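Subject: Handing over the structure, with notes on what was found

Dear colleague,

I am passing on the structure below, together with notes for someone who has not looked at it before. Please keep it open beside you as you read.

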Amino acid sequence: MSFWRSDGLPDYGGATSMNAGGDLSPPRGLVSHRSQKKHSFTSPALSLGLQTGTEAHMNLSRITGDENDSRSGSDNLETVSGDDVDQEQNLRKKKRHHRHTPQQIQELEALFKECPHPDEKQRLELSRRLCLESRQVKFWFQNRRTQMKSQFERHENAILRQENDKLRAENMAIGEATRNPVCSNCGGAAMLGEISLEEQNLRIENARLKEELDRLCTLAGKFLGRSTAYFAADNIDVAPPPFPRLLPELGVGSNACFAAGLVSPPVTAAPELFPPMPTTINPLHGGAAIAPLTSSDRSMLLELALAAMDELMAMAHMDAPLWIRSSDNSAEALNYDQYHRSVRHIAGLPPAGFVAEASRQTGTVIINSLALVETFMDSDRWANMFSSIVAKNRTVEVICNGVGGTKNGALQLMRAELQVLSPLVAIREVNFLRFCKQQAEGAWVVVDVSVDFIRENASSGSNCRLMPSGFVAQDMPNGCSKLVWVEHAEYDESQVHLLYRPLLRSGLAFGAGRWLATLQRRCECLAFLLSASNSDESGAITASGRRSMLKLAQRMTEAFCTGICESSAHEWTKLESHSIGPDVQVMTRKSVGHPGEPAGVVLSTATSVPLPLISPKRLFDFLREAGLRSKWDVLSNGGPMYEMAHIAKGQGAGDAVSLLRASAVSSNQTSMLILQETCADASGAMVVYAPVDVPAMHLVMNGGDSAYVALLPSGFAILPDGGEGSLLTVGFQILVNNQPTAKLTVESVETVNHLISCTVQKIKAAVFHYGD
């Protein structure tokens, strides 16, 4: 193609023009090579001057951003400098624009989404596949990245403009408010003045507390099943503040706005309404440091209580395949595979060495659901109801007393020691939450759950984790309640003797069956004693004397239960070196000034033995029979015993309090009185007795105060072994020296050990022939 016309002038493709002097001018957009020597024309406008028609229009579209993603390469013209004589080399060679096909654009866009910066190998592969030059692919990606960057910058600029407009509007509003300040209390004009740093900090703290309050009120709405507007009223029963010094920090106004007690009463409250509680150990922080519960601790406790309630309700209402019934339909065991699949549980993997036990039991008790809830939310009444299971307990802190004067929504942090009446099973120490909620009229739920799941060191010193456990109670028309009881726990099995491990895994020791059976027996006993027809069968005791005698028997049984295991209810000291065998436990303590027990050195010894072929009922009947005591009791002096007084405590013959007299074998011996209490239910039985002073018992039988009658109990605890036999625990408490400062002698220990071993041998020999 020639660039020269026939008249010898250069051909500019019809784009030349004649100036006023008649000289030819290059097209607009071309610049003389003299001024642009050794430089390339990079402006896109230059290419438009050399193109006509559609090509110029397409390049203009690329400049304005249209179809920028469908073009590649460069629309540049290159000029080469040379001598003025050779004008052919001064012209820039035109490069024809290349338009990508839709298929090529699609392929390029797909790779750009995956890799905006392809390497040389990827570009070569793509150019080969799309029939493009490597340079074209490279330039397309450069242009595409530039376009993306421009779009992002435009978007970011738009956001910044919006924020700037918002800040300008706020600034104007603040300026207007500053010019016309208004008092928030009275609504009048405010006097501006300097705000102290302390007041400013208080305002910041007040704002933070209000935000926390709003969050907790929302949680309380779910917690109690009420709307958040309810908590603005003054019908919330807030727990007393455990630490008076926290009142300025937690007080946020005149209203008690949070049902769970997270907001303390105002400082101006009467001191008798909110008595200070003693400083307690915070179980959420390992139980070692003395510290109150913080608002964060209480929030975690609330969430844990709600999650535990949901899990308990699921386990109480679901049947098979979650629960598997025994062959005789007497108990239900948990299917753990189904539990992990179908129940949303709060616990993860148990600590090393821990095993799980779970059981469910359904039954009827002679008590309405409201009275039962009141009993459980009172730690003293709860421990009294289950004295054979609860060795020691206390309420660490009442987080919420409930709403509307009821226990609905009541939540408290508790600490307890749970026991099986055997020295071969370690005490279970649990720190747990107790949460009570009313589901409907006459329907209540009480759930217990260990706080170990949220404490800082969940495995420090705890031998048991209480999973969500408790009961669902529904009132019945006859004044009774139907209960569905669930017990679920993880415990350290290494602290359990091999003899009792099957018992614990089956749930017969701490399971739902034992809790429910104990509750049924105690409620039947209370109902029976309140009936007008109940009286002393022998007629030797007045009504007031009967009450005093029952109270003395209850104290005796509770003392026996606390002496079997190494509980902290009494300051027992275990004597390992004086044990006659690995299965015999010997403990000692000094009794000084304790009403109801003699002063001096008290020795307690206990052991557990299996009786595989003797049923619990047969063993219980043998031990409670007064006429057979001479076969095993050394206090009978080898002679017969007869019953002076008998007070029935239930419909069954086994629940009773008796006063026994041992006949004097010779004139040199004085007769002795023995107070005995017997009880039995589906979970086991007990026979507890203690020698008592004759004048003191005459005073009690006439209605006198039994609190100062000194006694040391002994007795037996009977549990089923899971088969046809029994597990018998024998325990003695004996005063070995009436001087509290006296030292324990080896002879005293050997005497007590001989007593317990001899008693066990006599019972084994005699009970096999009982009933033949």
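How do the residues of the lining of the largest cavity divide into nonpolar, polar and charged? Before answering, I should say that this is a predicted model, and that everything that follows was computed from it. The lining of the largest cavity holds 13 nonpolar, three polar and five charged residues.

As for the cavity itself, the space in the largest cavity comes to about 210 Å³, and 21 residues line it, with Leu418, Asp448, Leu466, Glu487 and Trp515 lying nearest its centre. Two or more residues of this lining come from each of the strands β8 (428-440), β9 (443-450), β10 (464-466), β11 (469-475) and β12 (481-492), and of these elements it is β12 that gives the most, with four residues. The count of cavities of 30 Å³ or more comes to seven.

The second largest cavity encloses about 140 Å³ of space, and of the 15 residues that line this cavity, Ser388, Ser683, Gly684, Ala685 and Met686 are the closest to its centre. At least two lining residues are supplied by each of α13, β18 (672-681), β19 (684-692) and β20 (714-720), while by class the lining divides into eight nonpolar, four polar and three charged residues.

Turning to the pockets, the second largest pocket has a volume of about 740 Å³ and a lining of 34 residues, among which Ser330, Ala331, Ser506, Gly507 and Leu508 lie nearest its centre. The elements β4 (332-334), β5 (354-365), α12 (501-505) and α13 (512-530) each supply at least two residues of that lining, and the largest share, seven residues, comes from β5. In terms of class, this pocket is lined by 15 nonpolar, twelve polar and seven charged residues. Helix α13 is therefore worth finding on your screen, as a helix that supplies at least two residues to the lining of the second largest pocket and at least two to that of the second largest cavity.

Which residues of α14 meet α16? On the α14 side they are Gly545, Ser548, Met549 and Leu552, and the residues that they meet in α16 are Met697, Val700 and Met701. The residues of this contact divide into five nonpolar, two polar and no charged. Helix α14 covers residues 543-564 and helix α16 covers residues 694-701, and the two pack at an angle of about 125 degrees with their axes 7 Å apart, so that they are oblique to each other.

One single residue may also deserve your attention, namely Val592, which has its place in the loop between β14 (584-591) and β15 (600-611). Is Val592 buried or exposed? Val592 has a relative accessible area of 54%, and is therefore exposed. Its C-alpha atom is separated by 9.5 Å from that of Thr741, although the two residues are 149 residues apart along the chain.

For the protein as a whole, there are 17 helices and 21 strands, and buried residues account for 45% of its 772 residues. Among the contacts between residues at least 6 apart in sequence, 63% join residues that are at least 24 apart.

With kind regards

Terms used
Residues are numbered from 1 along each chain as its sequence is written. This is a predicted model: local features need pLDDT of at least 70, side-chain atom pairs count only at pLDDT 80 or more; totals for chains, interfaces and linings use all residues. Side-chain values use heavy atoms; hydrogens and water are left out. On a 1 Å grid over the protein atoms alone, a cavity is a set of points where a 1.4 Å probe fits but cannot get out, and a pocket is an open set with protein on both sides within 12 Å along at least five of seven lines; lining residues have an atom within 4 Å of a point. Grid points are joined across faces, edges and corners, and a volume is the space filled by probe spheres set on the points. Ala, Val, Leu, Ile, Met, Phe, Trp, Tyr, Cys and Pro count as nonpolar, Asp, Glu, Lys and Arg as charged, and the others, Gly among them, as polar. Axes are lines fitted to C-alpha atoms, for helices over the stretch in contact, and angles run from 0 to 180 degrees between N-to-C directions. Angles under 35 degrees count as roughly parallel, over 145 as roughly antiparallel, 65 to 115 as roughly perpendicular and the rest as oblique. Contact means heavy atoms within 4.5 Å. Buried means under 20% relative accessible area, exposed over 50%, partly exposed in between (1.4 Å probe, protein chains only).
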